[in-house]
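Reader: I would like a close look at a single part of this model, with the terms explained as you go. Please take one helix and its surroundings, and then turn to whatever else can be said with care.

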Amino acid sequence: MVAKQLGGSGICYYWAPATRDLKAGCPVHRQSLGNSYAGAIARAELLNHHLDAWRLRPETPPDLDARGDMGSLDWLVERYKRSRAWEKVSARSRLEYQKVFDLVLLYQTKDGGRLGQLKATSMSARAVDTLYAKLQPGKRVERRLRTANLAITIMARAWDAVHRLYPKTIPSENPFRGVELDYNTSTTRPASREEAYALHKALIAVGEIHLAAVPLICFEWHQRPENVLAGHLTWTDYRPTERPDAVRILHHKTGELVWLPLSDEDGPLFPELTAYLEGLDRLGVPVVLMMPKRGKSKPARPFKMRDARARVRKAATKAKLARDLTLAACRHGGLTELGDAELTEQGVMALSGHKTPEAARLYVKRTETQRVTAARRRRAWIESNQNREQSAAKSRNEASTAESE
């Protein structure tokens, strides 16, 4: 176990097998033990036990079900990570899952042990509620709340998956299900079309020619800004030989692949964005790359998220744009515009790459435009009903008059 000093956030502990063990095929890899010394010691002892067992029989991986902690939360999480359910979790999400698992399993109990050492059968709904409350406090309230919610959701998922495989070991009653989760009222404000294009022009004005494409890509094609900045949108995705009138958008978070048509029989569908890309220098395979500083011969490279945010903020401030106008706000704005355009949920999902209506709804914010449209349709329905009733009454009166004559 080694300790590393992190800038401004204290000490974090790590465990790693020797290089010779890794080269020999050791199945237990380097991992974070968190910043609690007591929890790190306990976790390191467990990992050392696995390493010793492997060293005795390196040709045979340790039998997970033969471990002395079978039925514990440690075992449950490890069993989940060896199940078919884990195979459906994307590589990007697995890193986030592992951080959450570490947070839960390394959580210190009142007796000085770790939560991961406890048997699943000892976990009650009340204990999970207490854990959820304890995970929330922190300096960055929004992030801690999101992490706490994610911890409950992911543990519930792992519990269900392992119960299906081991119904006698893991109880059917899942204490992580049914927790009343809290949500922060502050959400990303969706940028309007005018704001997204204003940010695009502001970045051009300060010389960020390639970064200026990101607000438009996020707004029009709904790709996550971190994916665009990391170089996941490439020139081979844009008008490829096999589909010269489309762009390939891969949403790395969900693994969803979306082919967006760039035009139809009526003309281009994203004229401003496609026109800008057609005139953009191709510095490499990714569409968006950061130019090296003047006088340096280094090749262009993908943006780091923090660098891109700083440059976007600088350009927006200089152009006197709203402080909360970010690349993420541009994506939210583009998705909200789909709601303003009165697209069905199926239509929204077809463009956004979301797999469920619930996920898509989080991004399609309710707007004044949608309320006006809904109110106008309601008014039209009321007037239509009134006209029908008036026509029916008129017909009845005419019929009554005819009978009396």
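Author: A residue is called buried when its relative accessible area is under 20%, exposed when it is over 50%, and partly exposed in between, with a 1.4 Å probe and protein chains only. Helices (H or I, at least four residues) and strands (E, at least two) are DSSP runs, numbered from the N terminus. This is a predicted model, in which local features need pLDDT of at least 70 and side-chain atom pairs count only at pLDDT 80 or more, while totals for chains, interfaces and linings use all residues. Residues are numbered from 1 along each chain as its sequence is written, and side-chain values use heavy atoms, with hydrogens and water left out.

The part chosen is helix α14, which spans residues 345–352 and has Val348, Met349 and Ser352 as its buried residues. Viewed down the axis of α14, these buried residues fall within an arc of 95°, and therefore they line one face of the helix; the arc is that of the directions from the helix axis to the C-beta atoms. The buried residues of α14 pack against the strand β4 (246–251) and the helices α13 (327–340) and α15 (357–361), where contact means heavy atoms within 4.5 Å.

The two ends of the helix deserve a word as well. Leucine 343 lies in the loop between α13 and α14, and with a relative accessible area of 31% leucine 343 is partly exposed. When its neighbours within four places in sequence are left aside, leucine 343 is in contact with Leu338, Val348 and Leu351, and Val348 is one of the buried residues of α14. Just after α14, glycine 353 takes a positive phi of about 85°.

Turning to the cysteines, a disulfide is a pair of cysteine sulfur atoms within 2.5 Å, and by this rule the count comes to 0 disulfides. For cysteine 218, the closest cysteine sulfur is that of cysteine 330, at 6.6 Å, which is too far for a bond. Cysteine 218 counts as buried because its relative accessibility is 0%, and cysteine 12 counts as buried at 9%.

Finally, there is an open sheet of 3 strands in the order β1-β2-β3, with antiparallel pairing; two strands pair if DSSP finds at least two bridges between them. Its edge strands are β1 (2–6) and β3 (31–34), each of which pairs on one side only. Strand β2, residues 10–15, pairs with β3 in the antiparallel sense over 3 bridges, and tyrosine 13 stands opposite glycine 34 in β3.
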